[in-house]
Structure formats: structure tokens, C-alpha cells
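Let's take a walk through this assembly, starting with a pair of packed helices and then stepping back to see how the chains meet. Keep the viewer open as you read.

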Amino acid sequence: MSGDRGVAALSVSDIRKAFGGVEVLKGISLDAHEGDVISILGASGSGKSTLLRCINLLEIPDAGTVTVAGETIRMKPRRKGGQEPADHKQVDRIRTELGMVFQSFNLWSHMTVLQNVIEGPVHVLHRPKAECIGEAEALLEKVGIADKRNFYPAHLSGGQQQRAAIARALAMKPKVMLFDEPTSALDPELVGEVLRVLRALAEEGRTMLVVTHEMGFARNVSNRVIFVNQGLIDADGPPEEIFGGGGSERFRQFVSGLHK
Amino acid sequence: MSLLTILGFGQTGWGGLLLAGAMMTLAVTISALIVGAIVGSLVAWAKLSRNLGWRLFGDAYTTVFRGVPELLIIYLIYFGGSLWVSWIGTLLGAQGFIGLPAFGAGAIGVGLISASYQAEVYRGSFLAIVPGEIEAARAIGMSRMQRFRRVIAPQVMRFSLPGLGNVWQLSLKDSALISVTGLAELMRQSEVAAGSTHLYFVFYIAGGVLYLVLTTLSDRVFGVAERRVARSFRGGLGRG
Amino acid sequence: MDFAFLADTMGQLLAVTPLTIELWLLCITIGCVISIFVTWARVSGVPVVSQLAAAYVFVFRGSPLLIQMFLLYYGLSQFVWVRQSFAWPILRDPFNSAVISLALCTGGYQAEIWRGGLQAVPAREIEAGRAIGMSRLLLLRRIIAPNALRQALPAYSTEIVLMMKSTALASLVTVWEVTGTAQRLISQTYRTFEVFICAAIIYLVLNFLVIRLMRLLEYMVSPHLRGRPSTVGVPGLAEAGIPKAIVPGAPPEHAASPVNLPEVPR
């Protein structure tokens, strides 16, 4: 499974999702191989966040499957149509292999930064606390907020909170990391510090799916760019190709619209 | 004698009496709320005052009337009030004990209690008014009276609606305590019917059901009122 | 000012104050247990069960405590089969009957408070828990419950203070606690104001103590709402750019005044 182009780190197949009669995802399939850093671009409402949330089943796709490192999440049909997970324990386990970083950080407000980071390893993975604390401190050092370990989220800036959230996701040692617009809720001057962390993770060879509006990141850091338009993948390829004129007409419109 | 007859409106039925009690409950609660609105606004005004003395008075009022059991307050107003009236009576040449009218005592008692809650509601509503609106009124040259009538009062009334709904429900249930004065409201009538027939269970359930009807209806009424008010403000320019 | 009378009255009232406190403690704890079951039923997702729980809350919050008390004390004693049951020795005693009614009533109000607390848990914190692979039980234990309880604390404080006042109703089913004794003294001596003041002082002091206790509790469970910890001497301070020594602060001015807007009609 490591480095073997045969088995994708993450594979989704024909994901469909509708909200109240409106079909947001109309059949999306993609494979992410180990080390891929995929930027997912698209207009608001194009379904890109929904796609990410379907991968770790925070939203349940009406159809389609998700496979992580060769293991497919088993689904069963629901009485009122659609499907639901057949085995919640499997879902919980697979979620531990997918690290998610949210747009609004979603740190637990009643816990300090350190407690946030060790919560998963200690209580979900049942690893010894001392070990987890040691690793957590290293991770906090890595993202640059080691001195904030005993602070509560309310006392941190947005950029610091997001870096804490990234450390929290990393602490689970996930196979694939999912970033849902990690910098969209940040003040402009704080975006840079988070992007730097993302870049460092990419250079380490982590498998990352990043829904983002940051064109710079998409162009310079990712090795693959996917453009989602109205629930379908409109363009998929290396940044040089997509940004260099190889993308679709819609994509060019989208990009030029962003630069206004 | 069947349940239906007992609760019904015939010769031997107590239904009429219970309904009359319910009407009395509504009457005394409404009166109490009016008393509470007047006193409550004054207390709210005191609490918002720049004068420390007034503020302390306001705080003392709310502390006492929210901290002391309602039953004690009703005893105070009714028995204390009656003593006072009797004393005045002896000054004027009357003899013996003159009781304060139970309705009045009850309305005042529950009213003073509700005033402490209403004061909090009004105070909160006043503080919720956007300062900019008051500033704009001053800038446009409105006098204090005008500002109060045109900007402050309408907003306070609008914001107070949910809180007042709560206070109404509270007072409706507190009114049951007025039964100790003998006033023929719903609780007292239930007691009378129960004691007379020894069918305690039936009549306390019946009374309870009538109270539930009153609180549910009140809930609906306030719900409609709140929606109406919200709509008329949302339809306006740019708010909400 | 007849100090002798006041002292004597105070003495008599203080002698029965433990009874008031006993009523209060018992009804709060039993009511808490009841409310946990009711809340559990409410969020269970099973239609009949959750509707029954909703009905319970509706009945006990929608009707006056007094009628509930009379129903239990006088109403049940009407039935022969109750008088012959094993529970009769317990139910017969006015004190027990009062405690049970008070508990049932506060159970309904507390259930509503827990429900409010649960609804106030930020959805995004729950999502983060799910995303990290927490099972539902773990989520409840680590994220939902601590948060919900903390959020419910102010309303809970208000409720238990209100229950202190509600114990006064026990006097109407022949429990001679503070209010009952006060009423007896008033009808014997006709000195309404003096007796009232003594009784009022007792209740106000009791409430004051309870409120202080609850504020302390709120302070203890909200470390995240206090000031920032001091960062004197911690490496990386310069990078952090935050001022030194903002010492762990006094309780915040957050609006957790326990006796707040009336959320709990009785």
C-alpha cells in the first residue's frame, strides 16, 4: 500500500448527493495516490465542500462508495431511499485514518490546545497518555505554537487556532488529510502562516485533498488540480496544464472572475 | 353520580363553578400584570438610573421580590394589608377586623412579584436598543419626551414581548397561591369542589387541566403576537 | 422596635430552617435524577417514549405546583387501593408527599434546562469529534456532556433558587417549615410585618448562599472563559507577540448571573 501506484490511498466512486431535491454532487469519482496534493477548486455551491464531507461521511452520499487504502466503507440501502453506513464502527475507524481540518477550526472550546491535540490519540486510539503528550508537543512545535499549549482556543488568533487544528489532525497519524477551505475564515494577514504549514506538509509527502480559493497554493504547491463545476469534475490535471490554458472554458472564466 | 354529571353544568355539576374560577384567575392575573407593568417600569427606570441610590433601590427590590417566597408576600399583603385597613378603620370609628378585598390583595401581591421580573425584562429590552438609533433621534432634534415616545418605548415593547410571555405564565401559576385569601379563583374552586364531594382526585385533575388549557392558550396568543411583531419589523427597511 | 419579639420569632423560625433546607436538598436531588431520565427519553428518538417525556414536561411546567401538591397529597389518599398499598406509609406522611411533588415539578423544569444545554453545544465541536472517529458514546462523554452541563449551569442555578422558594408551599400540606411557622405566628400574634421580615431574611440569606455557591461552581468549570494564562518565561514568546503576565484573572463579567430573566415559570 505504500508507494504502490496500484492501490490508491483514497478512492471515491460515483458520489451523488442531493439536498432537499437539489442535486449538489452528480457523480464524482477520483483517485488520490500516496503523496498527491490535490487542490479542489470551484465556485461556491459547486459541491466541493460537500464532496470532502462525503469522504469522511459527515454527509452521507446518496450513492457511490468511498475506499480508503483499499478498504471500502460498506453501505446498505435505506428504507426511504439512498444509503447508510452498514457498520458504524468501521466508519469511526476509517475516520481515524482521515484527518480533517475545518474552515472554522472547530477546536473544542473547553479544552486547551494540548488537550485538543491529545484527545483523539488518547480517547479514540487508546494510546498511552504520556506518549501522546510527547508527540503532541512535537507537533505543536512543528506548526509553530508550542508556547500556546496551555491556552484555550478563545485566547488564540484565527491563524493559531487553525494551526492547532492541523496539529490535532496530524496527531492521529492519518493516511489522508482533508482540508475544507482552511484559510477562508482567516484575516488576510493570518493566511500566510497556515499556508506555510500546508506547504511543509505537502513537501513531507503527505496525501492531501485541499478545497481552497488560494490560487497560489493550487499553482505552486499542489501536484494536481481538480475543478468542480455544478456537481461534476470539469477539469483534472497538473497545475501547469490546468492553469496554462489546458483547463476548460468554465475554468478560465472561474479564475478570471477570482482576479477581479 | 357519573363523572360527566359531576363535572357538568347541571344542578349537581361543578363545571360552571370551575369555569367561573378560571375566569377569575384570568381577571386577577391580568390585573396583577398591569400592577406589575407600572411598578416594573419604575423599578427598571431606577435600575438604569445614573443615581447610585436609585440603582440600589432597584436591585434591592428585585432581590427581595425574587428571593422571598410568593406565599409569604401574599400573606404580607393580605394579612398585613388587612391589619392596616382595620387600623385606619378604627381611626374612622369602625369596629373590629376589616379584611382587604381578596382580589385586590391578590392582584397587588402577584403584581409586585411580577414587577421584579418585568423590571428585568424592560431593563434588558432598553439596553438592547441600538445606541445609534437614540443618537440619531437626538441629532435630528427630538426632545426627550419625543425620543421616549417615538424611539425608545416602541422598541422596548417589541423586545419585551418574549420576556413578558414568560412573566405572564409565571403569574398565571402564582395566582393559584391567591387561593389562601379565599378568592374564588380556579385553585380555590377546585378545593371547594374537592372538599365538598370528597372527590379530590377528580377535581384537582380537572383544575389542573383547566390551568393547562390557560397556559397553552396563552402560549399560542403570545406566539402569534411575537410573530406579528417580528413580521412588521422585518418588512421594514433593512432590519432583522 | 420590639427586639424581644423579633428575637423570639427569629429563634422559632431558625429552628425550622433545617426542615426547609432538607425539603430543598431532597427535591433537588430526586428531581435531578428524574430529569436525567426524562431528558434521556426526550432525546431517545423513539417516538412514543420521547412524546411521553415531552408530555411530562408540559404537564409539570404548565400547571401550578400547588395543585400538583394537593393532587398528590389529597387526591391519592382518596383511593382505597392506594391506602392499602405498600407505598402508603411513605405517601401518607406530608413531608414525603411534599418532597415527591416538589421533585416531580422540578424534574420537569430541570429536564427542559438540560435540553437547552444540549441544544447549545456548538455543532462544529460535535463535527470535529465525529471527524476524528469518536463513537457516539465517546462523543457524548467527552464533548457533548461537559459542554451541555456547563451551558446549563446558569439556568440551573436559577432553578434551584426558585425551588428554595417553592418549599414554602409545603406549609399548605401541613409541613411546618419556615413559611408555615411564620404563618402560624402571624395568625397568633397579628404582627405581620415583623414576622414577615424575619422569615424574609432567612430566605434571602439562604438564597444568597446558594447563589454564591453556584457562582463558584460556574467559575470552577469555566477555565476557558477566564483570562489568559501567564506566559512569562515561556520560549517563543517573542514570536507569539502577546504581552507578558496577563495573570489568570478574576471571574469574567460573562452574563452568567444565575437569577436572570425568568426562564422558569412555575
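Start inside chain B, where B:E70, B:I73, B:I74, B:I77 and B:Y78 of α4(B) touch B:A102, B:A105, B:I108, B:G109, B:V110, B:L112 and B:I113 of α5(B). Sort those contact residues by class and you get ten nonpolar ones, one polar and one charged. Bear in mind that what you're looking at is a predicted model.

Now for the geometry of that pair. Helix α4 of chain B covers residues 70-91, and helix α5 of chain B covers residues 102-127. Their axes sit 9 Å apart, and the packing angle comes out at about 135 degrees. Angles over 145 degrees would count as roughly antiparallel and those from 65 to 115 as roughly perpendicular, so α4(B) and α5(B) end up as oblique to each other. As for handedness, α4(B) makes a right-handed crossing with α5(B).

Hang on to B:E70, since that residue also takes us out of chain B. Besides being part of the α4(B) contact with α5(B), B:E70 forms a salt bridge with C:K165, and the closest N and O atoms there are 3.1 Å apart. How many salt bridges does the rule find across the interface of chain C and chain B? The count is one.

The rest of that interface is worth a look too. On the chain C side 43 residues are in contact, and they meet 44 residues of chain B. Together the two chains bury about 3800 Å², with 76% of that area on carbon and sulfur atoms. Two pairs of chains touch in this model, and the pair with the most contacts is B and C.

Swing round to the other touching pair, chain A and chain C. Here 32 residues of chain A contact 33 residues of chain C. The buried area is about 2800 Å², and carbon and sulfur atoms give 55% of it. Which three residues supply the most of the area that chain A buries against chain C? They are A:W108, A:H110 and A:H155, which supply 23% of it.

Between chain A and chain C the salt bridge count is two. One to pull up on screen is A:R53 with C:E127, whose closest N and O atoms are 2.3 Å apart.

That leaves chains A and B. No contact joins them, and their closest C-alpha atoms lie 24 Å apart. Chain C, by contrast, has contacts with chain B and with chain A.

Methods:
Residues numbered from 1 in each chain as written. Chains lettered and ligands numbered in written order. Predicted model: local features only at pLDDT ≥ 70, side-chain atom pairs only at ≥ 80, totals over all residues. Heavy atoms only, no water. Axes fitted to C-alpha atoms, helices over the stretch in contact; angles between N-to-C directions. Helix = DSSP H or I, 4+ residues; strand = E, 2+ residues; numbered from the N terminus. Parallel < 35°, antiparallel > 145°, perpendicular 65-115°, else oblique. Left-handed = near helix turned anticlockwise from the far one by under 90°. Contact = heavy atoms within 4.5 Å. Nonpolar A, V, L, I, M, F, W, Y, C, P; charged D, E, K, R; others polar. Buried area = accessible area lost by both parts, 1.4 Å probe. Salt bridge = Lys/Arg side-chain N within 4 Å of Asp/Glu carboxyl O.
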